[in-house]
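Colleague: I would like a close look at a single part of this model, the group of aromatic side chains and what surrounds it. Please take me through it step by step.

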Amino acid sequence: MLTVHHLGISQSDRIVWLCEELEIPYELVRYDRDPVTRLAPAEYKAIHPFGTAPVITDGDLVLGESGAIIEYIIARHGGGRLAVTPDQANYPDYLFWFHFANASMMPAGMTGLILNMLGGGSDSTVAKSLTARGDRAFAMVEHRLGEAAYFAGDAFTAADIIMLFPLTTMRLFAPRDISPYPNLLAYLQRIGARPAYQRAMHKADPDLPPQLT
């Protein structure tokens, strides 16, 4: 049985959403963050050697990493749905945004949070350079969503599932005003209207309003 181990208010909400979009059977096990540290509790960290969200189990398999999990579920349980194949014209767009989410967008967005935690000055040359990466990332997102309805093109794909977290829930950890990005705001409303997204957020974090504005 496919089991999604969801850490509250974390990237693992992507995996719940993916399962809802694919309408596949799965078990959801939810874990609350430690009330003092706000990190994953010990029982969550014990599931996978790296100890971070998301994690799934599927029989004897234990698998971490958002991208790996999404690709695994689509291939093993989803019949290839929500992926773009190499023979399709928009395959490069799909690949770029699917990998941009965690390879560039997430690190850029977390820069401010990390600098504050380490006591780094926001006026330093390094801090300004790192902050500019986040600005460029959001500018790229805004431009892309002015070209196409979804990140891979006209159709919703797994690229949207993996890209959404740094545009929404991550802003709880690294605040950013998105009012200057009308294409992004319109996109978030399209996503918020999807029944599978609504079901997933209700199951994953029922007390957390979706961060769509």
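Modeller: Start with Tyr150. Its relative accessibility is 12%, and because the cut-off for buried is under 20%, Tyr150 counts as buried. Bear in mind that this is a predicted model.

Tyr150 has a ring partner in Phe156: the two form an edge-to-face aromatic pair, with 6.0 Å from centre to centre and 90° between the planes. Phe156 is also buried, at 10% relative accessibility.

Phe156 pairs with Trp17 as well. Here the geometry is tilted, with the ring centres 5.6 Å apart and the planes at 50°. Trp17 lies in helix α1, whereas Phe156 belongs to the loop between α5 (125-147) and α6 (158-167), so this pair ties together parts that are 139 residues apart in sequence. Trp17 has a relative accessibility of 1% and therefore counts as buried.

These three residues belong to one aromatic cluster, whose members are Trp17, Phe96, Trp97, Phe100, Tyr150, Phe151, Phe156, Tyr187 and Tyr197. The structure as a whole holds 12 aromatic pairs.

Two arginines sit over rings of this cluster. Arg190 lies over the face of Tyr150, at 5.8 Å from the ring centre. The charged end of Arg194 is placed over the ring of Phe156, 3.7 Å from its centre.

Another cluster member, Tyr187, brings in helix α7. This helix spans residues 182-192, and its buried residues are Leu184, Tyr187, Leu188, Ile191 and Gly192. They cover an arc of only 135° around the axis, which puts them on the same side of α7.

Trp17, in turn, leads to the sheet through its helix. Helix α1 (residues 13-22) lies across β1, β2 and β3 and runs at about 140° to β1. The sheet itself is open and has four strands in the order β2-β1-β3-β4, with mixed pairing. Its edge strands are β2 (27-31) and β4 (61-64), each of which pairs on one side only. From one strand to the next the twist averages 20°.

Within the sheet, β1 (residues 2-7) and β3 (residues 55-58) pair in the antiparallel sense over four bridges. Leu2 has Asp58 in β3 as its bridge partner. A further helix, α3 (residues 66-76), lies across β1, β3 and β4, running at about 130° to β4.

To return to your part: Tyr150 is buried at 12%, pairs edge-to-face with Phe156, and has Arg190 over its face.

Notes: Residues numbered from 1 in each chain as written. Predicted model: local features only at pLDDT ≥ 70, side-chain atom pairs only at ≥ 80, totals over all residues. Heavy atoms only, no water. Pairing = 2+ DSSP bridges. Helix = DSSP H or I, 4+ residues; strand = E, 2+ residues; numbered from the N terminus. Axes fitted to C-alpha atoms, helices over the stretch in contact; angles between N-to-C directions. Contact = heavy atoms within 4.5 Å. Buried < 20%, exposed > 50% of the residue type's maximum accessible area, 1.4 Å probe, protein only. Arc of directions from axis to C-beta. Phe/Tyr/Trp six-rings, centres within 6.5 Å; stacked < 30°, edge-to-face > 60°. Lys NZ or Arg CZ within 6 Å of the ring centre and 35° of its normal.
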